Every structure is written in structure tokens, then in C-alpha cells.
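Work through the following exercises with the sequence and the model side by side. Each task is followed by a solution that proceeds step by step.

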Amino acid sequence: MGTGIIPPGSMLRAPSKIGAPGKRKLTEASSPVKAPNDSTHPAAKRQIKAPVPKLGNTTERTVHAGRRSSQGFKVTAKSAGASQPGAATSRQSGPRPAMRPGAARRIPPNRTSVTQGRQPGARDAARAKGVQSNLAPPGSIKRRRLDGPAGTQSGSPSNGGVSALPHPAKTGLAVPSDGPEDEASDDDGLGPQPKIKDRPESDVQGRLRDLERLTAYMIEKTRTAKKAKNQLRVELDNNSTHVAQLELEKGMLTAKVEAAEKQVSELQAEKRSREMEMESVERQHRSQISQLQDEQHQLQKTVSQLREELDTASASLKSKREECVRLEATVSKQASDQVELESSCRGLRAKVEQLEDVVSEREIRIAELEEDVASRCHTIEELEAKLRKEETLRRGLHNTIQELKGNIRVFCRVRPLCGDEAEGKAPITLPSCEDHNQIELTQTSENALGRATAKTFPFKFDRVFSPESTQDAVFDEVSQLIQSALDGYPVCIFAYGQTGSGKTHTMQGPDSISTQDMDRPDLGIIPRAVRQIYETTSKLAQRGWEYSLEGQFLEIYNETIQDLLAPTTRNTQASGKQAKLDIYQDNEGHTRVKNVTTVSVDSAERVHWLLARAAENRTVAATNCNERSSRSHSVFTLYLQGKNSLTGESSSGVLNLIDLAGSERLSSSGSSGDRLKETQAINKSLACLGDVIAALAKGNRHIPYRNSKLTHLLQESLGAGNSKTLMFVCVNPSPASTQESLCSLQFATKVNSCQIGTAKRQAAS
Ligand SMILES: Nc1ncnc2c1ncn2[C@@H]1O[C@H](COP(=O)(O)OP(=O)(O)OP(=O)(O)O)[C@@H](O)[C@H]1O
């Protein structure tokens with residue numbers, strides 16, 4: 001590898017990031033090494049191949065001396081380590097420190113043979129033309145031209161071969177031939193080489209002369225060649241010096257190259273670290289960029305919000321400024337108003353002082369009034385106490401009135417005719433009298449002679465209600481007995497009459513009643529009685545009375561008691577599993593029914609629920625037994641327990657409201673089978689009712705209450721000495737019902753004639 005030549009690898013490895021100084025170094029290093037005489041030949045290029053100490057002796061060194069314009073030359077020398085035997089033409093050029101032993105140039109041996117193989121004439125001709133001698137094999141010494149007098153090809157060993165004086169034909173020495181070569185002149189000024197004539201073997205003298213001339217010529221030639229050789233040696237010394245300098249320079253450049261390579265490796269390592277650093281920096285940069293973009297986005301949002309707020313604030317500020325202007329105007333106006341107010345304030349203060357005097361007077365008056373109120377409260381308390389006493393007195397007087405009216409009373413009610421019932425002469429007439437207590441029934445019949453005779457039966461009861469009488473008017477007469485029940489008396493109100501005479505209408509009213517129906521005009525005695533009880537108990541609460549109400553609803557059908565409030569009536573009636581309802585006397589002597597459903601009637605809604613359930617259960621029963629409602633007695637019982645916490649009084653009343661079964665006679669009903677059985681049961685119970693009333697009227701010791709379920713159930717309310725009984729006899733005014741009406745009126749007259757003993761008020765234990 002030539003000194004000063006930067007290897008291509010090192011050029012490629014040169015770091016791209018090397019700074020300008022490094023680049024400049026490489027440029028210098030890559031520049032061709034200049035020979036010492038480069039100043040004279042600036043365009044010359046040399047390629048020197050010399051053994052590098054590291055690489056050993058086999059390293060080839062090539063020196064390109066380049067061309068020296070038209071006279072440039074190119075020398076290639078191969079060093080084979082030690083001096084080659086036979087390299088006599090090479091010489092050591094004195095002290096050459098940079099040259100290694102054995103690195104001397106050698107001339108290849110074939111050079112001589114080549115030279116010998118050529119015709120002297122041709123060689124001289126070539127010499128004359130200055131063409132490069134072809135002494136060295138191709139690739140060894142390409143061309144060498146020497147200037148000056150020594151330009152003649154030197155070092156040619158061919159001359160030495162001639163001195164051996166061989167015969168030209170045998171030795172192969174070139175024998176100049178005749179021709180243009182003979183006229184060619186040598187550059188060394190010796191003239192043409194003497195010609196050896198082709199002489200016969202026998203011409204020894206001639207041949208000796210030729211050889212002498214040739215020898216003389218060769219001696220001269222040798223001398224001239226020595227001169228050229230000396231010049232070449234000088235040049236070789238110069239070249240050696242130059243080579244030594246180049247070697248030195250090479251060593252320096254090698255050191256520089258190594259340093260540069262080290263620096264390059266360091267720079268590459270640094271580059272890698274820098275690249276890694278750059279990557280991390282780029283990553284950080286990217287993350288920072290994304291963060292900054294987020295922040296930018298956030299800031300943009302904030303900016304837009306702030307702009308909106310700014311707009312809002314600007315608008316607000318504008319409105320505030322406008323308000324400020326208004327307020328300033330208001331303030332100025334208020335300032336003027338204040339002056340006026342202060343003046344009026346002074347006037348008001350004077351008034352306040354006057355009013356304070358008035359207030360103090362009023363306070364004195366209030367104190368006087370408070371004393372008056374206190375005295376009046378005391379008076380009220382006294383009056384309330386007096387009222388309570390009067391309430392007690394009222395109860396007594398009310399009871400006295402009821403007793404005077406009779407503990408058993410009978411009201412007659414005639415219902416209106418409906419439909420085609422009006423055919424024929426009306427049998428019922430109501431004589432006009434002030435007391436409205438008379439009724440006449442006219443019965444038409446044929447005597448034994450077949451003549452029609454009319455017989456009028458006059459009846460007189462406690463009250464007779466005409467067909468035009470309203471439910472309201474009827475209840476007015478009943479309400480006093482309801483009050484008696486509240487006062488603690490057993491009260492029994494029942495309706496008697498044939499089927500369809502108006503019993504249910506009188507006792508209950510419409511079949512179904514809801515809470516919204518409480519103001520209906522056709523409401524019967526039961527809902528009106530309950531409403532009156534609620535209204536009265538709420539008023540009595542102001543006088544210290546508290547009441548609890550419990551109700552039950554029973555039905556007596558074929559002498560069997562049914563509970564109309566039982567929740568499972570539908571199922572139990574179908575299966576016959578309803579618990580047995582037996583009548584018994586409790587410890588306090590009250591008549592009770594076992595297993596009966598008792599409902600706390602604490603509101604009007606509860607009463608309506610109670611009546612609705614009873615109606616539903618009765619409807620179910622009617623489905624099973626035709627027209628059962630007409631064939632059974634229904635008994636609604638309300639127990640009223642009252643207590644006065646102020647007076648210590650108490651009361652325990654019972655209100656029985658009974659809708660009896662139809663009272664038609666067995667003969668007129670014409671019934672048979674089950675209907676006959678029903679009728680017999682009804683007639684029996686009604687007869688027992690008559691018997692009880694008659695026994696009570698007679699004052700018998702034994703009253704046959706237990707002869708029927710009905711009288712047994714009503715024992716407490718029927719003439720037990722303190723009871724109050726009211727019977728409605730309901731009459732159908734149609735001609736077809738004349739006979740039944742007559743029977744009903746006769747039964748009612750019998751009841752009405754009874755005078756049951758004085759009622760005694762029951763006190764709750
Ligand atoms: N005072 C009255 N004013 C108007 N309609 C009446 C009056 N009395 C009864 N009625 C009507 O006569 C019909 C029969 O009345 P209701 O059902 O009350 O008779 P009843 O004696 O209860 O019959 P049953 O024994 O079959 O129950 C009903 O349509 C009823 O509305």
C-alpha cells in the first residue's frame with residue numbers, strides 16, 4: 001500500500017459527523033504524495049508500493065511516478081524480501097535508512113535474454129526514437145525514460161554478453177543487417193555500432209578485427225554507460241531520500257490515520273450514543289410535543305372559555321354600567337327623597353310619640369281585658385260543667401219522653417203503588433188528622449147471599465207515614481231512639497210486613513251504598529243512624545264523652561243464623577263449613593253470638609264496607625235459594641260503648657236494626673216444598689215475636705224468648721225492662737194485597753197495645 005494513499009475502507013468509514021478540521025485532514029491525507037521534484041512536475045502522480053513493516057517482506061510496493069508531461073515515467077518494482085540471486089544490476093544506494101534490507105530493486109533476469117533476442121539495429125532504432133526499452137517484463141518495469149545524455153537505456157546487460165566474444169551466429173548476438181539501421185545515429189555520440197561482417201570461418205583475422213572494433217565500441221559504450229549509471233545513482237539516491245521522506249511521512253500519516261481511526265471509532269461510539277440520545281430526546285420531544293399539543297388544546301379551550309366569560313363579563317359590565325348610571329340617577333333622586341323623608345320622619349316621630357301614649361293606654365286596657373277573659377274562661381268552665389250536668393239531665397228527660405211515648409211503639413208506613421198495582425179500588429185510606437196516626441183499610445167481600453159488602457178497619461198507631469213520606473221524614477221520628485241507644489239503652493227497630501211492602505227500603509234504602517252516596521235522599525234508617533251516631537259522638541267528645549262502636553250483621557234463615565260479614569261466606573255456605581253461630585248470655589247479661597264477625601265501626605267508610613259485604617253475601621245466598629232476602633230476617637247490631645272522662649259516667653247501648661222476612665200467610669202464599677218450609681219457619685218466628693210481646697204486655701214472669709232464634713237474639717232489646725222497641729209495619733196499598741195488609745195491621749195493633757214496663761238505663765260495668 002503506497003504511502004499517503006488513504007485506503008478506500010478508511011474513506012468509507014470516515015464519520016459523516018466529523019467536523020471541518022477532520023475533513024480537512026482526510027483531504028490532505030488523500031492527496032497524492034509529492035516527489036521531491038514535484039515542484040518541477042506538479043502534475044506528476046506517483047503510486048509507491050513499498051513493504052510496510054507490519055506486513056512482512058512479501059508486501060508489494062508500487063511506486064507510480066506518473067507521467068512527467070510528455071516525459072513521464074512509470075516504475076514498478078517488486079520486493080521479494082531478501083536480495084534475489086543474480087540481481088547484479090540492482091545496487092544499494094548508499095545509506096538509505098528508510099529502505100529495508102533486500103528491498104533493493106532488481107532487474108529481472110529475462111531482461112538480458114530479451115535484449116539479446118533483439119537485433120542491434122532494431123534496438124538502436126528504438127533507442128533513436130526514444131521509445132521505452134522493453135527490457136523488463138510487462139508489469140515489472142513498464143517504461144522508463146531518462147532525460148539528458150544518459151537518456152540512453154542504461155543497465156542493459158546485453159553489452160556484457162557481447163564481451164564474451166561469441167560468434168554472432170552462435171551466441172545469438174544481433175548482427176546488424178544492411179539497411180536503414182546502419183544510417184541511424186546513436187544518441188551517445190559514439191556513432192553506429194561497428195558492423196560484424198559475415199565472414200567465413202576461415203577469416204579469423206577479419207573476424208578479430210570486427211571483434212576489436214566492436215570491443216572498442218563496447219568499451220566506449222561502457223564508459224558512456226557508466227556515466228549514465230552515475231547519473232542514475234545520483235537520481236536513485238535522490239529517490240531514496242525521497243522514499244525515506246515518504247516513509248517518514250507515511251509513518252506520520254499512518255499514526256495520523258490510526259489516530260483518525262481511533263477518533264473515528266470514538267466519534268462513531270459518540271455518534272451512536274448521540275443517536276441514542278437523539279432518539280430519547282426525540283421521544284421526549286414527541287411526548288413533550290403531544291403534551292404541549294394537549295396543553296395547547298386545553299389552553300385553546302380555556303382561551304375560548306375565557307373569551308366567553310370575557311364576553312359575558314363585558315356584557316355584564318355593560319349592564320352594570322348602565323345600572324350604575326340608573327343607580328346614580330336613583331341615588332340622586334333618593335338623596336332628594338331622603339331630605340323629604342327626613343322632614344316627614346320628624347313629623348312621624350312626633351306621631352310615634354303620640355301613638356306610644358296611645359299604646360300605653362291600650363296596654364292598660366289589654367290588661368283589663370285579659371282579666372276579663374280569665375274571668376270569662378272561668379265562667380265558661382262553670383258553664384261547661386253545668387252543660388255536662390244538663391246533658392245528663394237531658395238524657396234523663398229524653399228517656400222520660402221516650403217512656404212516655406211508650407217503650408214499644410209502632411209506626412205504619414204505606415209504600416206507593418207501582419206499575420199496574422193501581423188497578424181496582426184502593427183499599428188503604430189515610431184519614432187527615434193532625435197527628436198523622438190513623439189508617440183505614442177497606443176490605444170488600446161477598447156475603448152468603450152473594451152481595452158485595454165493604455168493611456172498613458180503622459187502625460191507630462204512633463205514627464202513620466203516607467206513600468209520599470220521604471226517608472228523611474221517617475228518620476226524623478226514629479232519630480230519638482238512636483239517641484237513646486247512644487245514651488246507653490237497648491234499642492230495637494224492626495220492619496214487619498209482607499214481601500214487597502217496603503221493609504228493606506225503610507231499613508236500608510238502596511241495595512248498594514258507597515261513600516259518595518251518603519247524601520242520597522233514599523238512604524234508609526241504618527246508614528242514617530250510623531251517620532247520626534258519628535255526628536253526635538263527635539259533639540259529645542267536646543263534653544268528655546268517648547265512644548267505641550262495634551257492629552255485626554246476621555241473617556236468620558230457616559231458624560239458622562248466618563254471619564253476613566264473614567269473609568268466607570261464599571265458600572263456607574257452599575261447603576257448609578261455617579262455624580256454628582250459637583246465641584249465649586255473656587257474664588254481664590248481654591246477648592251475644594258465638595263466632596260472629598264483629599267489626600270496629602270507626603268511620604263512615606267502615607259502615608259502608610260493612611253494608612256492602614252483607615249485601616254481597618246475601619246476594620250469594622239468594623242465588624242458592626230463590627228470593628232468599630224475602631225469606632230471611634237480617635239483623636244489624638251496633639254496640640255503643642261510651643265513657644266520659646270528665647264526669648266518670650259511662651254508657652253501653654245496643655242498636656238492633658232488623659229487616660224481617662215477608663209475613664204473608666201460608667194459605668195465601670200457596671207455597672210448597674222448600675218454600676213451604678221457609679214460610680213455616682218465618683211464621684213461627686213471627687208468631688214467637690208476637691208471643692214475646694204479648695207476654696211482656698201481660699207482665700208474665702216467663703217470656704218465651706227462646707222459642708225462636710229471632711226472639712232469642714233480640715232478648716236484650718225486647719222488653720227487658722229498659723229496652724225501647726219500634727216496629728214499622730209496612731203496607732202494600734195495592735188491592736191485591738188487602739188481606740195481607742189487614743193481617744199486618746192487626747199484628748201491629750196487637751204489638752202496639754202492649755205496654756212494656758219502664759225502661760232502665762244500662763250502665764257499663
Ligand atoms: N216508601 C217507598 N217509596 C218508594 N218505593 C218504595 C217504598 N217502599 C218500597 N218501595 C219499593 O217497593 C219495592 C219493594 O220494596 P222492598 O224490597 O223494600 O220490599 P220488602 O218488603 O223489603 O220485600 P222483601 O220482603 O222481598 O225484601 C222496591 O222496589 C222498593 O224500592
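**Exercise 1: residues with positive phi**

Asn595 is exposed, because 12 other C-beta atoms lie within 10 Å; the classes used throughout are buried for 20 or more other C-beta atoms within 10 Å of a residue's own, exposed for 12 or fewer, and partly exposed in between, with C-beta atoms placed from the backbone. The model is a predicted one, in which local features need pLDDT of at least 70 and side-chain atom pairs count only at pLDDT 80 or more, while totals for chains, interfaces and linings use all residues. Residues are numbered from 1 along each chain as its sequence is written.

Task: determine where Asn595 and Glu559 lie, and what their phi values are.

Solution. Start with the location of Asn595, which is the loop between β12 (591-593) and β13; helices (H or I, at least four residues) and strands (E, at least two) are DSSP runs, numbered from the N terminus. Next, read its backbone: Asn595 has a positive phi of about 60° although it is not a glycine. Most residues other than glycine have a negative phi. Then turn to Glu559, whose phi is near 60°, again a positive value in a residue other than glycine. Glu559 lies in the loop between β9 and β10, and it counts as partly exposed because it has 13 C-beta neighbours inside 10 Å.

**Exercise 2: the partners of β9**

Task: establish which strands pair with β9, and over how many bridges.

Solution. Two strands are taken to pair if DSSP finds at least two bridges between them. First, strand β9 (residues 545-557) is joined to strand β14 (residues 633-644) by 12 bridges, and the two run antiparallel. Second, β9 pairs with strand β13 (residues 599-600) in the antiparallel sense over 2 bridges. Glu550 takes part in both pairings, standing opposite Tyr639 in β14 and opposite Ser600 in β13. Third, β9 and strand β10 (residues 560-563) pair in the antiparallel sense over 4 bridges, with Tyr557 opposite Thr560 in β10. Finally, inspect the connection: β9 and β10 form a hairpin with 2 residues between them, and Asn558 in the turn has a positive phi of about 50°.

**Exercise 3: a sheet and the helix that packs on it**

Task: give the strand order of the sheet that contains β5, and identify the helix that packs on this sheet.

Solution. Begin with the order, which is β4-β5-β6 in an open sheet of 3 strands with antiparallel pairing. The edge strands are β4 (428-429) and β6 (452-460), each of which pairs on one side only. The helix is α17, which packs on the sheet and touches β4, β5 and β6, its direction making about 135° with that of β5; here a contact requires C-beta atoms, placed from the backbone, within 7 Å, and axes are lines fitted to C-alpha atoms, for helices over the stretch in contact, with angles running from 0 to 180 degrees between N-to-C directions. Within the sheet, 9 bridges join strand β5 (residues 438-446) to β6, and the bridge partner of Ile439 in β6 is Phe459. As for burial, the residues of α17 that are buried include Leu745, Phe747, Ala748 and Val751.

**Exercise 4: from α9 to the annotated site**

Task: follow the chain from α9 to the annotated "binding site", and decide whether Ser501 and Thr504 are buried or partly exposed.

Solution. Helix α9 bends by about 40° at Glu477, the bend being the angle between axes fitted to the seven residues ending there and the seven starting there. The loop between α9 (471-486) and β8 holds Asp487, which is buried because 23 other C-beta atoms lie within 10 Å. Asp487 and Gly642 are 155 residues apart in sequence and 8.2 Å apart in space, C-alpha to C-alpha. Just after α9, Gly488 takes a positive phi of about 110°.

The UniProt annotation "binding site", from an unreviewed entry, covers residues including Ser501 and Thr504; UniProt positions are given in the numbering used here, feature names are shortened, and annotations may be inferred rather than shown by experiment. Ser501 lies in the loop between β8 (490-497) and α10 (503-507), and is buried because it has 28 other C-beta atoms within 10 Å. Leaving aside neighbours within four places in sequence, Ser501 is in contact with Arg415, Cys730, Val731 and Asn732. Thr504, by contrast, lies in helix α10 and counts as partly exposed because it has 18 C-beta neighbours inside 10 Å.

Technical notes. Two residues are in contact if their C-beta atoms, placed from the backbone, lie within 7 Å.
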